[in-house]
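Here's a quick tour for anyone meeting this one for the first time. Have a look, then we'll go through a few questions together.

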Amino acid sequence: MTTLKTILGVSAIVMLVGCQVKPSDGPLTRLSGSEIKALFVGKTVESFNVISGSSSFTYYAANGQIKQERYWEERKGIWKVNNKDEICLSMEGKEFRCRGIYREGDKIYKYRLSDAGQLEKVIRYRQFIDGNTL
């Protein structure tokens, strides 16, 4: 009977350990301006908005022009990396919005500061494709 209790106890522990939340994919590291440029220049980038659940594809030209397909519509704008090592986008003549780019394990994210001053994931970059595929 004691052996059965031991086996059941160990089995319960193993099951509980298996149900734990997956740890993060790695340390959160902010990318430098040169790292951001190396990732984006001349690439078509698939972005997934973690808040709305929508996806878009954006081509980042070396001359600062961008072309984006989102919700099956084309948009145009400009982009740059500022002196704070943030990527900045201005779509269709609107003000620039600048955000930090971070690596977490093998994943790349765009973060923003929440109203409470906390980092908040906004975009997960799913793939970086060489050239303009739009």
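A residue is called buried when its relative accessible area is under 20%, and exposed when that area is over 50%. Keep in mind that this is a predicted model.

Q: How many helices and strands does the chain have?
A: Let's walk along the sequence: the pattern reads α-β-α-β-β-β-β-β-β-β-β. Counting up each kind, the chain comes to 2 helices and 9 strands.

Q: Over which residues does pLDDT stay under 50?
A: Taken over the whole chain, the mean pLDDT is 85, with 81% of residues at 70 or more. One stretch is a poor bet, though, and the model gives it 0 contacts beyond four places in sequence. Where pLDDT is low, the predicted coordinates shouldn't be read in detail. The stretch is residues 2–23.

Q: Is Glu86 buried or exposed?
A: Glu86 sits in strand S6, which covers residues 86–91. Its relative accessibility is 17%, and the cut-off is under 20%, so Glu86 counts as buried.

Q: With which side chain does the side chain of Glu86 make a polar contact?
A: Setting aside neighbours within four places in sequence, Glu86 touches several residues, including Arg30, Ile36 and Cys98. The polar partner asked about here is joined side chain to side chain, at 2.8 Å. That partner is Asn82.

Q: What percentage of the chain's residues count as buried?
A: Glu86 is one residue that counts as buried. The chain has 134 residues, and the share of them that counts as buried is 34%.

Note on methods. Residues are numbered from 1 along each chain as its sequence is written. This is a predicted model: local features need pLDDT of at least 70, side-chain atom pairs count only at pLDDT 80 or more; totals for chains, interfaces and linings use all residues. Side-chain values use heavy atoms; hydrogens and water are left out. Helices (H or I, at least four residues) and strands (E, at least two) are DSSP runs, numbered from the N terminus. Buried means under 20% relative accessible area, exposed over 50%, partly exposed in between (1.4 Å probe, protein chains only). pLDDT is the predictor's confidence in each residue, from 0 to 100. Contact means heavy atoms within 4.5 Å. A polar contact is a pair of N or O atoms within 3.5 Å; within protein, one must be able to donate a hydrogen and the other to accept it, and residues adjacent in sequence count only if both atoms are side-chain atoms.
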